[in-house]
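Colleague: I have some questions about how you label things in this model. Take me through the reasoning.

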Amino acid sequence: MASTLAWSSAASSSAPSSRLPPRRSPSLVVVAQGKVKKYRQVILTDDIAEVGKKGDTLKVRAGFYRNFLLPKGKATLLTPEVLKEMQVEQERIDAEKKRVKEEAQQLARVFETIGAFKVPRKAQDLVDIIKSQLNRDVDKRLVTVPEIREIGEYIAEIKLHPEVTAQVRLTVHLLYSHIV
């Protein structure tokens, strides 16, 4: 029974020291987790007022991330995999923007080389004329037509892209029709 009581001080003092080394009681080992991170690097997955826009990388407090951003799915931790995925997505978006801009530039060249559109009445019909002659849809809000008061040539502007504006010549050959 003395061997089962080796943890007590009486058992360790009664055992001869020459035969067995003295046994110690097991000590409590505390392993520190290190310093707690107060901030987290995150990428926003949604626009958040007064915080940032989608795709922004931010350094936010850990509690803000844990209690607000993570449960609502508004951000993810910045990891190499997530960063690479965001870069691929940004490259895709940039390629799409470039394609749209090139398409707008090509359409602008078509408008400028086509010559003048003959407009038989008020210029609000310019969008309909473009659609009938070129089979292209143009939003009326993007067309800027000068005020037409008499027969002649005018230049209208069509904003095809934020960076591309086409100038279209209009030939007004009959402003008002008179029915007799």
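Modeller: Start with what packs over helix H4. The cover on its buried residues includes helix H3 (80-113) and strands E4 (116-119), E5 (143-144), E6 (152-161) and E7 (164-172). Keep in mind that this is a predicted model.

Colleague: Which residues of H4 are called buried?

Modeller: Leu 126, Val 127, Ile 129, Ile 130 and Leu 134. Buried means under 20% relative accessible area, so each of these falls below that cut-off.

Colleague: Why do you say they line one face of the helix?

Modeller: Seen down the axis of H4, they fall within an arc of 160°, so they line one face. After H4 comes Asn 135, with a positive phi near 55°.

Colleague: What makes a set of residues a nonpolar core?

Modeller: The members must be buried nonpolar residues joined through side-chain atoms within 4.5 Å. The largest such core has 22 residues. Phe 111, Phe 117, Leu 126, Ile 130, Ile 158 and Leu 170 touch the most other members. At least two residues come from each of H3, E4, H4, E6 and E7. Another core, of eight residues, lies apart from it; Val 42, Leu 58, Val 60 and Ala 75 are among them.

Colleague: Where is confidence lowest, and where is it highest?

Modeller: Lowest in helix H1 (residues 9-14), at a mean of 49. Highest in strand E2 (residues 57-61), at 92. Over residues 1-12 the pLDDT is below 50, and that stretch has nine contacts beyond near neighbours in sequence. The chain averages 78, with 76% of the residues scoring at least 70.

Technical notes: Residues are numbered from 1 along each chain as its sequence is written. This is a predicted model: local features need pLDDT of at least 70, side-chain atom pairs count only at pLDDT 80 or more; totals for chains, interfaces and linings use all residues. Side-chain values use heavy atoms; hydrogens and water are left out. Buried means under 20% relative accessible area, exposed over 50%, partly exposed in between (1.4 Å probe, protein chains only). Helices (H or I, at least four residues) and strands (E, at least two) are DSSP runs, numbered from the N terminus. The arc is that of the directions from the helix axis to the C-beta atoms. Contact means heavy atoms within 4.5 Å. pLDDT is the predictor's confidence in each residue, from 0 to 100.
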